[in-house]
Protein chains: 2
Amino acid sequence: MDSVLRPYDLGHTQWYVLQLLAINGPLNQREVTRLLEVERATLSTITGVLVRKGLIEQLADDADQRQKVLRITAAGTDLWSTIPDPIELITTVAFAGVDPTDLATAQRVLSEATERLVNHRTEIK
Amino acid sequence: MDSVLRPYDLGHTQWYVLQLLAINGPLNQREVTRLLEVERATLSTITGVLVRKGLIEQLADDADQRQKVLRITAAGTDLWSTIPDPIELITTVAFAGVDPTDLATAQRVLSEATERLVNHRTEIK
DNA sequence: ACAATCTTGTCAGGTGGCTAACAATTAATC
DNA sequence: GATTAATTGTTAGCCACCTGACAAGATTGT
């Protein structure tokens, strides 16, 4: 994934943020952390990088002075339109010719496993 | 995994290195990078941390002066014996009660997928 | 034997993840 | 209405991963 993105000088999480803003429109950082499941601090550094590169803007929210709204810039949409979808690419390579039933089984096993792990974590907290 | 290891002040890769040295005995760094599939540079910083903590030693190899042999110290084996196996813990939580056939299918699908991805990477190189 | 090449480990610099602590602002409570 | 709580984003400090460049030592070619 990173190797696909490297020519564009983007890390994979930077790509995810760009995707969100390109498709869903402006969002405040709190929303983005919820959707991408990363910590506020992590997103803070990533937005810093994207702002520095001029791909997104960070605007104050009038309703709540604590919050900042992220919006993709013209340069950002430009870049976005030229980048191939790395997820698409990976899944086609990885799962080409796999029996659909087996693939479904694998997905079920894994999603159940993650669910159990999440439950376990919240329990012991 | 990291949450299990945090009380012992160990990162997960530090744990893997310790495991290797505790079970397989002394190894040079090249071997460790091969077995753990990490870059030389990555291992270099990790061995630095473990040496600083006094858990492993870094000795010059007489046969080849470039190489350095890693060996677990007494303090290292001590710590090792007190740490619970985080992998064991995770797999039992994650896959408890899963149908063995389904689990086998999932494993097969995933190992084939990684194989395809590895092949793809070496092809385009 | 000597030069060119390969290998091993380290360092510098970058990405991305976390926790903990902080300032600013908003929401709750009394 | 004033004090206390909670929320939002930033910063600092850590771990782990990578690439690229380097020095030192080992191999290979001629």
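This report covers a predicted model of protein chains A and B with DNA strands C and D.

Local features here need pLDDT of at least 70, side-chain atom pairs count only at pLDDT 80 or more, and totals for chains, interfaces and linings use all residues. Residues are numbered from 1 along each chain as its sequence is written, chains are lettered from A and ligands numbered from 1 in the order in which they are written, and side-chain values use heavy atoms, with hydrogens and water left out.

## Chains and symmetry

Chain A splits into domain 1 (2–84) and domain 2 (96–125). Those bounds come from an automatic or database domain assignment. The C-alpha centres of domain 1 and domain 2 of chain A are 28 Å apart.

Two copies of a chain are related by a rotation about an axis and a shift along it. Here, chain B superposes on chain A after a rotation of 180 degrees with 0.0 Å of shift along the axis, at an RMSD of 0.1 Å. This is the relation of a two-fold axis. The same surface serves both copies: 94% of the contact residues of chain B recur in chain A. Contact means heavy atoms within 4.5 Å. The superposition is by least squares on the C-alpha atoms of residues with pLDDT of at least 70 in both copies. Which residue of chain B comes closest to the rotation axis? B:Ala106 does, with its C-alpha at 2.1 Å.

A:Asp102 belongs to helix H7 (residues 100–124) of chain A. Helices (H or I, at least four residues) and strands (E, at least two) are DSSP runs numbered from the N terminus. A:Asp102 is buried, at 18% relative accessible area. Buried means under 20%, exposed over 50%, and partly exposed in between, with a 1.4 Å probe and protein chains only. Not counting residues up to four places away in sequence, A:Asp102 touches B:Thr105, B:Arg108 and B:Val109.

## DNA strand C

DNA strand C is surrounded by 21 residues. The closest are A:Gly11, A:Gln14, B:Arg30, B:Arg40 and B:Ser44. A residue is near a strand if one of its heavy atoms lies within 4 Å of it. Of the strand C atoms within 4 Å of the protein, 70% belong to sugar or phosphate, and the rest to bases.

Both chains supply this surface. Helix H2 (12–24) and helix H4 (40–52) of chain A each give at least two residues, as do helix H3 (29–36) and helix H4 (40–53) of chain B. By class, the surface holds 4 nonpolar, 10 polar and 7 charged residues. Nonpolar covers Ala, Val, Leu, Ile, Met, Phe, Trp, Tyr, Cys and Pro; charged covers Asp, Glu, Lys and Arg; the others, Gly among them, are polar.

## DNA strand D

Strand D also has 21 residues around it. Here the closest are A:Arg30, A:Arg40, B:Gly11, B:Thr13 and B:Gln14. Sugar or phosphate accounts for 68% of the strand D atoms within 4 Å of the protein, and bases for the rest. The residues near strand D divide into 4 nonpolar, 10 polar and 7 charged.

The table lists N or O atoms of the protein and their distances to phosphate oxygens.

| Residue | Protein atom | DNA strand | Distance |
|---|---|---|---|
| A:Gln14 | side-chain N or O | C | 2.7 Å |
| A:Glu39 | backbone N or O | C | 3.1 Å |
| B:Lys68 | polar side-chain atom | C | 3.1 Å |
| A:Gln29 | polar side-chain atom | D | 3.1 Å |
| A:Ser44 | polar side-chain atom | D | 2.9 Å |
| B:Gln65 | backbone N or O | D | 2.9 Å |

Two or more residues of the surface near strand D come from each of helix H3 (29–36) and H4 of chain A, and helix H2 (12–24) and H4 of chain B.

A polar contact is a pair of N or O atoms within 3.5 Å; within protein, one must be able to donate a hydrogen and the other to accept it, and residues adjacent in sequence count only if both atoms are side-chain atoms.

## Residues within chain A

Is A:Leu70 buried or exposed? A:Leu70 is buried, with a relative accessible area of 0%. Its place is in strand E3 (residues 68–72). Beyond four places in sequence, A:Leu70 touches residues including A:Leu21, A:Leu27, A:Asn28, A:Val32 and A:Ile56. A:Val38 is 32 residues from A:Leu70 along the chain, and their C-alpha atoms are separated by 16 Å.

A:Asn28 sits in strand E1 (residues 27–28). A:Asn28 is buried too, at 17%. Apart from neighbours within four places, A:Asn28 is in contact with A:Gln67, A:Lys68, A:Val69 and A:Leu70.

A:Thr82 lies in helix H5 (residues 74–82). A:Thr82 is partly exposed, at 48% relative accessible area. The side chain of A:Thr82 reaches the backbone oxygen of A:Leu79 at 2.8 Å. A:Thr82 and A:Tyr8 are 74 residues apart in sequence and 9.3 Å apart in space, C-alpha to C-alpha.
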